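Open the model in your viewer and keep the sequence panel beside it. The stops below say what to select next and what is there.

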Amino acid sequence: MMAIPKKLVPSSPVRNLIRRVIRESHRATLARRPALSALSVRVQLTSVPQDPSSPATGADGRSARPFARRPTDGALKRVVRTEVDGLLAQLA
């Protein structure tokens, strides 16, 4: 089960990309550890993923909205996949 709020990620292609990366990570984890298939997992996005290569604030001093549109490089995929892999690795 996933919850990717529109308020945090307004762009639907970006929300779909995040969902797809979470599903891929979950499937890969199940392939490595089949015993986890008995668990029910809920993933909820609570903050906007931050791109480490982009500044946190814009030129005007206000906080930037990273990944407001679909990224062209794979920065979002890498950030989300790393985070989800780490969380799923903590499961018993």
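Helices and strands here are DSSP runs, at least four residues (H or I) for a helix and at least two (E) for a strand, numbered from the N terminus. The model is a predicted one.

**Whole chain**

Start with a cartoon view of everything. Read along the sequence, the elements follow the pattern β-α-β-α, which comes to two helices and two strands. Now colour by accessibility: of the 92 residues, 27% count as buried.

**The N-terminal end**

Select Met 1, in the segment before β1 (2-3). Is Met 1 buried or exposed? Its relative accessibility is 66%, so Met 1 counts as exposed. Add Ser 40 to the selection: Ser 40 is 39 residues from Met 1 along the chain, and their C-alpha atoms are separated by 8.1 Å.

**The nonpolar core**

Next, show the side chains of Ile 4, Val 9, Ile 18, Ile 22, Leu 76 and Val 80. Of the 13 residues in the largest nonpolar core, these six touch the most other members. Helices α1 and α2 (75-89) each supply at least two residues of this core. The largest share, five residues, comes from α1. In soluble globular proteins, nonpolar side chains tend to be buried together.

**The positive patch**

Turn to the surface and select Arg 20, Arg 23, Arg 27 and Lys 77. These residues gather in a patch of positive charge. Which element gives the largest share of the patch? Helix α1 (residues 12-32) does, with three residues.

Centre on Arg 20, which lies in helix α1. Its relative accessible area is 35%. Residues between the buried limit of 20% and the exposed limit of 50% are called partly exposed, and Arg 20 is therefore in that class.

**The salt bridge**

How many salt bridges does a search of the whole structure find? The search finds one. To see it, select Arg 81 and Asp 85 and draw a distance between the side chains: the closest N and O atoms are 3.1 Å apart. The two residues are four apart in helix α2, so about one helical turn separates them. Check the accessibility of each partner as well. Arg 81 is partly exposed, with a relative accessible area of 26%, and Asp 85 is also partly exposed, at 25% relative accessibility.

**Two more stops on helix α2**

Stay on helix α2 and select Arg 78, which has its place there. With a relative accessible area of 53%, Arg 78 is exposed. Add Val 21 and draw the C-alpha distance: Arg 78 and Val 21 are 57 residues apart along the chain, and 9.1 Å separates their C-alpha atoms.

The last selection is Leu 88, also found in helix α2. Is Leu 88 buried or exposed? Leu 88 counts as buried because its relative accessibility is 6%, and the buried class covers values under 20%. Add Val 43 to finish: Leu 88 and Val 43 are 45 residues apart in sequence, and 9.8 Å apart in space from C-alpha to C-alpha.

Methods. Residues are numbered from 1 along each chain as its sequence is written. This is a predicted model: local features need pLDDT of at least 70, side-chain atom pairs count only at pLDDT 80 or more; totals for chains, interfaces and linings use all residues. Side-chain values use heavy atoms; hydrogens and water are left out. Patches are made of residues with over 30% relative accessible area and no salt bridge: like charges are joined within 9 Å, nonpolar side chains (Val, Leu, Ile, Met, Phe, Trp, Tyr) within 5 Å. Accessible areas come from the Shrake-Rupley method with a 1.4 Å probe; for residues, only the protein chains shown count as cover. A salt bridge is a side-chain nitrogen of Lys or Arg within 4 Å of a carboxyl oxygen of Asp or Glu. Lys and Arg count as positive and Asp and Glu as negative; His and the chain ends are not counted. The place of a charge is taken as NZ of Lys, CZ of Arg, CG of Asp or CD of Glu. Buried means under 20% relative accessible area, exposed over 50%, partly exposed in between (1.4 Å probe, protein chains only). A nonpolar core is a set of buried Ala, Val, Leu, Ile, Met, Phe, Trp, Tyr and Cys residues joined through side-chain atoms within 4.5 Å.
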